[in-house]
Amino acid sequence: MKRFLAMMLAGTMCLSMAACAKPADSGTGDSGAAGGEGGEKKTVGVCIYKFDDAFMTTYRNALQSMLEEKGYEVSVVDGNNDQAKQTEQINTFITQGVDALIINPVMTSAADTIISAVKDADIPTVLINREPTAEQMAAYDKLVYVGCDAAQSGTFQGELILDTENKGDINGDGKVSYIMIQGDPENIDAKLRTEYSVKALTDAGMEVEQLDLQRGDWDRNKGQEIAQNDLAKFGDQIEVVFCNNDDMAIGALQAIQAANRTVNKDIYLVGVDALDAALNEVVAGNMTGTVLNDAQGQATQAVASMEELLGGKTFAEGEQSVYVDYVKVTPENAKDYIK
Ligand code: BGC
C-alpha cells in the first residue's frame with residue numbers, strides 16, 4: 001500500500017492528475033470499511049476502457065467519488081481504447097499490490113487474459129460495463145460482473161417507437177423503415193440493442209425494413225456522419241433512426257436537423273444512456289426518447305460487490321453477474337433524470 005502510494009505520487013501511473021486519487025489524509029466519510037490494518041487505506045485500481053466516452057465519463061466520476069467518500073485510495077487509469085495498454089495497466093496495479101480492482105475491459109475478448117491475471121494475483125475484481133460469458137467468469141470465484149441486461153434496453157427502444165401515434169410507420173406503407181447506428185459490435189450491448197430494438201417491433205406484429213446498419217463505435221461524430229450519408233442516400237424513406245447510445249443519437253440529430261427533417265413529425269430518433277444532453281433533447285421534442293443506463297446505480301453496485309469480495313465473499317458460477325435495471329425515458333419523465 002505504501003509502495004502503491006509512492007508510485008502514484010511519483011506520477012508513474014497517473015495519466016491525468018484530475019483522475020488521480022486524493023492524498024491519503026484527505027479522505028472523508030466512512031473510512032471504516034476502507035481502512036486497512038493500522039488505519040491504512042485500502043487501495044483500489046480502476047481501469048476504464050477509454051476516458052473519451054460520454055457515458056463512461058459519468059460512470060467513472062460516480063465510481064471515483066463514491067470510493068473516495070468511503071475512504072479508499074483510488075487510482076483511475078485510461079486504457080485509450082487499447083487492450084495491450086490496459087493489460088499493462090492491470091499488471092502494474094497487480095505489481096503494486098492493490099487490494100481490489102474494478103475493470104471496464106477494452107475488449108470483451110480479452111476477458112480470459114484479464115481473469116487469469118487477477119486470479120493468479122488473488123485480487124478481488126469487479127468487471128463492469130462489458131460483459132464476459134458466465135463460463136469465463138467461473139474461472140475465478142473472487143470475480144463479479146456489474147452491468148445491465150442489454151436486451152432490455154433494446155426492447156425499450158422498440159417500445160418507444162411502438163408508443164408513437166403511427167408505431168413508426170410514418171408514411172403508412174405498412175412497414176417501419178429504419179437505419180441502425182451501432183456501437184462497437186464486439187460489445188454485447190451493441191449486439192443485443194441492435195437485435196432487441198427491432199424484435200420489439202416485429203413481436204408487436206410490425207413489418208420492418210432495414211435500410212442500413214453501420215458501426216458508429218459509440219461515437220458522436222461517427223453517428224453524425226452515418227446519419228448524414230444515410231439521409232442523403234435514403235431521404236424520406238427513413239422513418240426511424242435507432243442509435244445504440246445517446247452520444248451517437250446526438251450526432252444523428254445534428255444530421256437530421258441539417259437535412260431539414262423534424263423529429264417526431266417526419267422521423268423518429270431513439271438512443272440509450274440518458275446523458276443530460278439527450279434528456280434535454282427529449283424534453284425539447286428533438287429526440288423521441290432514450291433509455292436510462294443508470295451510471296450511479298451501477299457504480300453503487302460495483303462498489304458494494306467490491307466490498308463483499310473484500311469481506312471475503314466468493315461467488316459460484318451463475319451468481320457472478322449483477323444487473324441494474326434500465327428505465328424507459330419519454331418527454332413525460334425525462335426531466336426527472338437530468339443531473
Ligand atoms: C453505453 C455506451 C458506452 C459503452 C461503453 C454502453 O453501455 O451505452 O454509451 O459507449 O457502454 O462500453
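Visitor: What makes residues of α9 count as buried?

Guide: Buried means under 20% relative accessible area (1.4 Å probe, protein chains only). D246, D247, M248, A249, I250, G251, A252, L253, A255 and I256 meet that in α9. This is a predicted model, where local features need pLDDT of at least 70, side-chain atom pairs count only at pLDDT 80 or more, and totals for chains, interfaces and linings use all residues. Numbering starts from 1 along each chain as its sequence is written, and side-chain values use heavy atoms, leaving out hydrogens and water.

Visitor: Why is α9 called largely enclosed by the rest of the structure?

Guide: Ten of its 13 residues are buried, so the label fits α9. Across the protein chain, buried residues are 53% of the 339.

Visitor: Why is α8 called oblique to α9?

Guide: The axes of α8 (residues 220–234) and α9 (residues 246–258) cross at roughly 40 degrees and come within 7 Å. Under 35 degrees counts as roughly parallel, over 145 as roughly antiparallel, 65 to 115 as roughly perpendicular, and the rest as oblique. That crossing therefore makes α8 oblique to α9.

Visitor: Which residues make the contact?

Guide: Contact means heavy atoms within 4.5 Å. From α8 come R220, G223, Q224, A227, Q228 and L231, and from α9 D247, M248, I250, G251, A252, Q254, A255 and I256.

Visitor: How do you know what span to expect for α9?

Guide: Take 1.5 Å times one less than the number of residues. With 13 residues, α9 reaches 18 Å from its first C-alpha to its last, close to the 18 Å expected.

Terms used. Axes are lines fitted to C-alpha atoms, for helices over the stretch in contact, and angles run from 0 to 180 degrees between N-to-C directions. Helices (H or I, at least four residues) and strands (E, at least two) are DSSP runs, numbered from the N terminus. Buried means under 20% relative accessible area, exposed over 50%, partly exposed in between (1.4 Å probe, protein chains only).
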